Amino acid sequence: MVPSSGSDSVPFAEPVPLAHGGPIPPLGLGVFRIPDGEPVRQAVSWALEAGYRHVDTAAIYGNEQGVGTAIREWDGARDEVFVTTKLWNEDHGHDETLRAFDDSLGRLGLDEVDLYLVHWPVEGRRRETWRAMERLHEEGRARAIGVSNFMRHHLEALLAHCHTAPAVNQVELHPFNFRTRQPLVEFCRERNIVVEAYSPLTKARRLQDPSLLRVAHEVDRTPAQVLIRFVLEKGTVALPKSGDRDRIQENAQVFDFRLSGDQMRRLDALDEGLTTAWDPTAVP
Ligand SMILES: NC(=O)c1ccc[n+]([C@@H]2O[C@H](COP(=O)([O-])OP(=O)(O)OC[C@H]3O[C@@H](n4cnc5c(N)ncnc54)[C@H](OP(=O)(O)O)[C@@H]3O)[C@@H](O)[C@H]2O)c1
């Protein structure tokens, strides 16, 4: 990834091309569990100030309104920020998807989103849902469409009938599960589906891991920065969440160092198949 200047203080990497829509900035602010209103508005504003140009929200996070406020209040052009939101499980189905999308846009106060994701591979209704997703893409209101928590069998079923393939698959990724999910990442790459790493900080559950601390010490960075760098080195898009101004800034300082092959191998060895969110593997 070639560093480039995204703001005065923080060097950022170039956006990554998507199969359609895009390109997508390789670092995005996750806003899961940041309350709507002032807390999320503030977090997104701090992130934009720190050079982030990508925000990842979802209907179920209940904070689209505050995210939209921060984006609309920002001095920069709307086109410079990549905004993702997601269709929640109860809203699957053709007409339901179209309605849920309108509701999300309404809450965001935007005319279109850069990426609309199916949040979870709900059994039985995915086909009709995807037809609606394709329509939203054709209408240009969702510049790109994609999925989240889709394992290989979910993707194979979707690819067999879709007209527009998903541009993105957003899944949980960090050193504590990467090896387990490597085949999925490769499957996506071969099909030109960009992989986004959610919960890249393991929801802060493994930040004190001794091997991680050793690597952090070697590169003179924090464990969180090493975890973000790890998923970037793997060619995935990193979506760390923080509601704290200092940590939002810290998590952006990841484009001016690299992890060596040996450090990546030691981090790879931490795989324990950890999922801190949900494991979609068993969903038919
Ligand atoms: N598609 C899906 O199903 C799905 C599921 C889960 C998550 N996601 C997306 O991925 C994003 C990130 O995942 P996540 O929210 O589960 O967890 P995460 O980013 O792995 O970890 C967030 C936790 O780490 C803390 N933290 C952040 N930066 C830190 C730092 N520099 N040092 C120490 N602690 C730090 C945060 O606390 P503070 O806020 O206090 O800093 C928070 O407790 C979400 O916000 C969401 O956008 C998607």
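**Figure 1. Proline 23 in the loop between strand 2 (11–13) and strand 3 (29–30).** The model shown in this and the following views is predicted. The peptide bond that runs from glycine 22 to proline 23 is cis, and its omega is near 0°. Most peptide bonds, in general, are trans.

**Figure 2. Asparagine 192 in the loop between helix 6 (178–190) and strand 9 (194–198).** Asparagine 192 is a residue other than glycine with a positive phi, the value being near 60°. Most residues other than glycine have a negative phi.

**Figure 3. The ligand and the shell of residues around it.** The ligand is surrounded by 28 residues, of which the closest are Asp56, Ser199, Lys241, Ser242 and Arg247. By class, the shell comprises 12 nonpolar, 10 polar and 6 charged residues. The space that the ligand takes is the largest pocket.

**Figure 4. Polar contacts of the ligand with phenylalanine 32, lysine 203 and asparagine 251.** At phenylalanine 32, a polar backbone atom lies 2.9 Å from an oxygen atom of the ligand. Lysine 203 likewise places a polar backbone atom 2.9 Å from an oxygen atom of the ligand. With asparagine 251 the contact involves the side chain, an N or O atom of which is 2.9 Å from a nitrogen atom of the ligand. The ligand taken alone exposes 900 Å², and 86% of that area is buried by the protein.

**Figure 5. The aromatic pair of phenylalanine 101 and tyrosine 116.** The whole structure contains 5 aromatic pairs. For phenylalanine 101 and tyrosine 116, the ring centres are 4.7 Å apart and the ring planes stand at 70°; the pair is therefore edge-to-face, as planes over 60 degrees apart are counted. Phenylalanine 101 belongs to helix 3 (residues 94–108) and tyrosine 116 to strand 6 (residues 115–118), so the pair ties together parts that are 15 residues apart in sequence.

Technical notes: Residues numbered from 1 in each chain as written. Predicted model: local features only at pLDDT ≥ 70, side-chain atom pairs only at ≥ 80, totals over all residues. Heavy atoms only, no water. Near = heavy atom within 4 Å. Polar contact = N/O pair within 3.5 Å; in protein donor to acceptor, adjacent residues only side chain to side chain. Areas by Shrake-Rupley, 256 points an atom, 1.4 Å probe, with all protein chains shown as cover. 1 Å grid on protein atoms, 1.4 Å probe; cavity = no way out; pocket = protein on both sides within 12 Å on 5 of 7 lines; lining within 4 Å. Sits in = over half its atoms within 2 Å of the grid points. Nonpolar A, V, L, I, M, F, W, Y, C, P; charged D, E, K, R; others polar. Phe/Tyr/Trp six-rings, centres within 6.5 Å; stacked < 30°, edge-to-face > 60°. Helix = DSSP H or I, 4+ residues; strand = E, 2+ residues; numbered from the N terminus.
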